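Here is a short report for someone meeting this structure for the first time. Please look over the sequence and the model before reading on.

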Amino acid sequence: MKMKSMKKVVGPEYNLGDKIKTNVYAVGVAMQESVYPHTATVFYPRERKKMPDNFRGFILFDPDKCISCFNCSFVCPANAIRMKEAPNKRYYPTVDYGRCIFCHFCIDSCSGGALKATKIHDVAYKDMDAMFTPTEEMIELPEIIREDKKYVEYEIKEDDLHLKRTKGEDYLFVEVPPPKEIPMVSTCIDPDSCIGCRVCAEVCEHGAISASVEDGGTLRMKIDTDECTGCGLCVKECSMQILMLNKLERK
Amino acid sequence: MSNQVSIPLIEPMLDSLPEIPMLQYMVAFMLWKPIFALLICPGLTVGGLSLLFFPWIERKLCGRAQWRVGPHEIVWWLGGVIQLLADSLRFLFQEVIVHKDAHRPYFLQFPFLSFMIFLLPLLFIPAGTIVAIQTPYAIQIILALVCLFPLFILGFGWASNSRFAYIGTVREAFMYFAYEIPFIIAAIAMIILYGTSDPLLMASRQSIPGIILNPVAALVFFIGAAMATGRMPFEIPDSDQELCAGPHVEYSGIAFGLIYVLCYEKGYILSALMTILFLGGGSGPAIAGLGDLSGVFWFVVKTYLVLTTLFMLRAVYPRYRLDQGLKLGWSPMLVMAIIGLAISLVVVAVRVI
Amino acid sequence: MAAATGVAGQSEWEVAVPEKPLKDKTYFENLKAKVIDTNLCSRCLTCAAICPGGITVVGNKVDFPDYETKCLDCGACVRVCPRFVYEPKSGLGDYIEFIAGRSKRFAGQDGAMVTELLVSAIEMGMIDRGLFAGRDEKWATEMFHVREPEQLAITTLGGTKYTFADVLPALKEAVGFTKRGVGIVGTPCIVSGVRKLQQEYPIFRERVKLVVGLFCTENFHYGDIGKFLQEKGVDFSKLIKTDITKGKFIATMSDGEKVKFKIKEVEEIVASGCGVCTDFTAVESDASVGSVGSEKGFSTVVVREEPAKKVIDFIKEKEHADFGEAKPEELDYLINLKKGREKNINSDAASS
């Protein structure tokens with residue numbers, strides 16, 4: 001069934017002169033490359049390719065800044081982060097590098113800025129079980145044996161790729177300034193639906209929520225915006241889901 | 001010409017030998033031309049070295065054309081030169097699996113028999129003045145023997161008794177039809193041009209190299225050689241991406257090693273033939289002190305040059321389809337071969353006159 | 001001092017604390033003493049829905065395991081329990097329309113009007129999910145969120161279950177993430193539980209948009225009725241319909257076999273809370289549906305409130321169902337039967 005919109009597709013036509021010219025040019029390029037090669041191989045591990053500063057690699061952890069908000073564990077798309085209990089009764093993240101996809105969502109969502117990025121992309125493990133990294137191993141950089149004497153950068157000049165080799169070692173850990181903090185506090189968006197269970201007051205680590213029974217049979221709930229760090233635990237635990245984090249405007 | 005290879009460089013050492021009885025006879029035996037041609041050049045040593053060396057050169061050059069490095073890690077400061085040695089060691093230790101459906105005697109014997117077809121033409125190819133058997137019919141004998149190569153490939157493709165091997169074998173048979181006739185016509189054109197088919201006489205008649213006298217025949221012979229050895233753009237029986245390995249697919253271990261070098265052997269012989277027919281084979285400015293060996297040296301240089309060009313095409317060209325290859329063999333190449341024949345007839349007429 | 005801005009939120013608020021009759025005990029113990037242990041409890045599970053601790057069903061009773069340590073003493077259970085301060089409802093109730101309907105596209109107990117009402121509400125955009133009760137492989141009830149008519153291909157969603165389904169805990173969960181609103185179907189005790197929730201907490205007023213009630217005389221616990229039916233020879237893998245009509249319980253199997261017995265035989269396993277329930281037609285619902293009052297194959301629909309009227313008008317406009325006449329007189333016998341249970345309350349209840 002022939003349709004009106006059908007077109008016959010033909011290949012491009014070359015005459016003999018063009019064919020010979022392209023053949024000769026191709027062989028000429030091959031001969032030229034044999035003599036003066038533009039090899040684009042990076043001789044790893046004797047050389048290393050220089051990665052850009054925001055390259056997503058191994059994740060470092062600073063326990064002092066962690067507020068155990070579990071944000072990293074919730075946001076991880078590959079379910080690679082499990083929170084494990086530490087001896088001081090707080091929960092710290094552990095990363096399973098068998099599942100980690102190095103998206104760094106955890107670092108972006110860390111409320112306290114405790115997770116940090118490095119450029120290390122070639123940690124080696126002996127078996128799958130060793131890829132499960134406990135918190136202690138995330139605090140310091142992993143042991144690196146640096147065999148590289150040079151680092152390589154790709155340069156594109158006049159439509160051609162060149163390799164620029166520089167002597168020296170590429171740094172692996174980048175100090176990134178902490179993100180500008182937008183202070184958020186917890187507020188109740190539907191106070192009439194509060195059932196007065198006081199779970200928020202119990203779960204708050206910083207004692208910002210207080211519940212007091214007054215004479216006359218009313219329960220007074222109060223969120224101290226100075227104490228509230230915006231970790232979001234009360235928002236998660238509220239039985240009626242009526243707490244929300246809001247931006248704080250300081251007057 | 002004397003029967004002994006004369007190398008002025010080592011003459012003094014040879015003169016001091018008669019003191020030791022057996023050594024004198026052994027050295028004289030080694031320097032006897034037929035044995036020298038057979039064992040050293042262009043025989044087993046040089047041929048064998050080219051088998052060890054040429055795959056490496058091919059991989060390195062193709063890597064360079066493709067912006068990568070070829071074999072690199074084995075002895076990396078030398079550039080991985082002994083890669084083929086490592087490969088052949090590995091082939092030696094690998095198990096030769098003969099699958100249930102194969103015709104076992106043919107499956108195992110053909111690779112070794114094909115080696116014989118490699119050795120026989122070496123007797124007739126001269127390197128300079130050194131040749132094993134000198135006969136006026138050398139070129140025809142070499143051509144006839146070279147025509148037997150595809151038979152062995154068909155043999156072990158058929159003995160493999162498997163689908164991919166069958167497809168590859170049939171393709172090899174088709175390609176055999178495609179290149180054989182223009183190839184032979186080009187060789188005959190050169191024989192007519194020189195008036196003789198004795199390679200030593202051919203070399204002496206090439207004051208102007210054959211490639212300038214009859215470039216059309218040279219081109220046809222070169223393309224025919226590319227088709228015969230299964231080099232790009234004609235890697236049709238062996239197409240890696242389509243057939244895995246064509247007729248070689250069922251082999252492993254040392255049998256595969258022998259088949260793998262079969263195409264390089266063929267390339268060596270055809271390049272040697274091309275040097276003799278078109279490039280003057282062995283003639284060149286004499287290097288003082290080497291005597292007969294200077295002919296050998298130039299022969300080796302020219303053969304390696306032809307081989308390198310043949311193998312470098314792999315990096316440049318994609319692969320022809322089977323029907324395009326057949327069409328190429330029968331339409332343009334046959335026509336060009338006949339034109340080459342005509343040109344050489346004209347040249348003979350002009351020179352004679 | 002800093003103030004919070006953004007979506008209208010407050011940092012200080014007050015919660016009314018309910019009265020505690022037994023002052024030295026937790027609110028759950030109060031509930032237990034007044035409602036559960038006096039057999040007033042209808043197992044509507046409104047308390048279990050709202051409790052942030054762990055009120056749940058243990059065996060055939062509502063209970064709170066480990067309440068000594070886990071009860072937060074918030075008083076929410078006492079606030080929402082319809083029988084903590086029991087004002088029994090009875091009669092036919094107010095209504096806008098009294099009709100019989102038969103859905104053209106769904107199959108249910110009689111006319112499948114419950115399914116039709118909820119699915120049409122979804123199609124209208126009034127709600128984004130309806131909570132239905134289906135069956136698992138052991139024939140126990142499990143709650144489903146129905147968001148599209150295609151899901152009704154699961155045949156166990158329609159039809160009367162004659163056993164308790166945990167509608168209100170599922171409702172509390174759904175209210176947490178619904179965007180447009182939730183619709184539910186339940187027995188009169190469940191309907192009064194929802195109305196109590198709506199009275200106490202505005203979030204339920206906003207997000208529960210359609211409440212369909214069922215005509216109900218009594219209900220059975222799954223363990224009891226399941227065992228009874230198995231002893232009578234009912235094969236649960238083939239069971240497709242259960243029906244109580246004209247004093248008989250009829251279980252229909254997929255191969256046409258029927259198991260019948262008189263209703264009097266199951267009187268001893270009727271749930272205890274039903275003995276004090278006086279509401280036959282679910283007078284607090286938006287619409288009530290049942291089989292009494294219309295001919296075979298049709299369901300009686302008592303349209304009471306505006307939302308249900310809008311849905312019925314939508315059904316009439318799209319012609320998804322046939323409508324016919326329903327006779328209110330036919331309900332009188334059962335309404336009076338249930339009204340007579342008022343006398344059971346005074347003898348059972350503790351002083352309120």
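What follows covers confidence, chain C, the contacts between chains, two helices and some unusual backbone spots.

## Confidence

This is a predicted model. The predictor gives the complex an ipTM of 0.78 and a pTM of 0.59. For chain C, the average pLDDT is 87, and 96% of its residues score at least 70. One stretch falls short: over residues 1-6 of chain C, pLDDT stays under 50. The model has 18 contacts beyond four places in sequence for that stretch. Where pLDDT is low, predicted coordinates should not be read in detail.

## Chain C and the cores

Chain C holds twelve helices and 15 strands. Of its 352 residues, 45% count as buried. Take the contacts in chain C with a separation of 6 or more: 70% of them come from residues 24 or more positions apart.

Which residues have the most contacts inside the largest nonpolar core? They are L31(C), C47(C), C77(C) and L171(C), in a core of 109 residues. Helix 5 of chain C, residues 113-124, provides the largest share of this core, with seven residues. L31(C) touches I36(C), C47(C), C77(C), V78(C), C81(C) and F84(C), leaving aside residues up to four places away in sequence. Another core lies apart from this one. That core has 88 residues, among them F124(B), A189(B), M190(B) and L273(B). In soluble globular proteins, nonpolar side chains tend to be buried together.

E267(C) offers a contrasting setting. E267(C) sits in the loop between strand 12 (258-262) and strand 13 (287-290) of chain C. Is E267(C) buried or exposed? It has 9 other C-beta atoms within 10 Å, so it is exposed; 12 or fewer is the cut-off. E267(C) is 49 residues from E218(C) in sequence, yet their C-alpha atoms are 9.6 Å apart.

## Where chains meet

Chain A gives 34 residues to its contact with chain C, and chain C gives 26. On the chain A side, strand 9 (184-188), strand 11 (218-223) and strand 12 (243-249) each give two or more residues. Strand 11 gives the most, with six. By type, the chain A side divides into 16 nonpolar, nine polar and nine charged residues.

Strand 11 of chain A also pairs across the contact. Five bridges join it to strand 2 of chain C, residues 12-16, and the two strands run antiparallel. Within this pairing, R220(A) has E14(C) as its bridge partner.

Chain B meets chain A as well. Here nine residues of chain B are in contact with ten residues of chain A. Helix 4 (44-65) and helix 16 (292-316) of chain B each supply at least two residues of the chain B side. That side has seven nonpolar residues, no polar ones and two charged ones.

## Two helices

Helix 15 of chain B covers residues 262-279. Its 18 residues should span 26 Å at 1.5 Å a residue, and the end C-alpha atoms are 24 Å apart, which agrees. How many of its residues are buried? The count is 18 of 18, so the helix is largely enclosed by the rest of the structure. Just after helix 15, G280(B) takes a positive phi of about 95 degrees.

Helix 1 of chain A covers residues 16-35. Its 20 residues should span 28 Å at 1.5 Å a residue, and the end C-alpha atoms are 29 Å apart, which agrees. This helix is hardly covered: two of its 20 residues are buried.

## Unusual backbone spots

Most residues other than glycine have a negative phi, and most peptide bonds are trans. The table lists two residues that have a positive phi without being glycine.

| Residue | Phi | Loop | Other C-beta atoms within 10 Å |
|---|---|---|---|
| R198(A) | near 65 degrees | between strand 9 and helix 5 (199-203) of chain A | 20, buried |
| N39(C) | about 60 degrees | between helix 1 (27-36) and helix 2 (46-50) of chain C | 16, partly exposed |

One peptide bond also stands out. The bond from Y44(A) to P45(A) is cis, with omega near 0 degrees. P45(A) is found in the loop between helix 1 and strand 1 (47-49) of chain A.

Methods
Residues numbered from 1 in each chain as written. Chains lettered and ligands numbered in written order. Predicted model: local features only at pLDDT ≥ 70, side-chain atom pairs only at ≥ 80, totals over all residues. Contact = placed C-beta atoms within 7 Å. Helix = DSSP H or I, 4+ residues; strand = E, 2+ residues; numbered from the N terminus. Nonpolar A, V, L, I, M, F, W, Y, C, P; charged D, E, K, R; others polar. Pairing = 2+ DSSP bridges. Expected span 1.5 Å × (residues − 1). Core = buried A, V, L, I, M, F, W, Y, C linked by C-beta atoms within 7 Å. pLDDT = per-residue confidence, 0-100.
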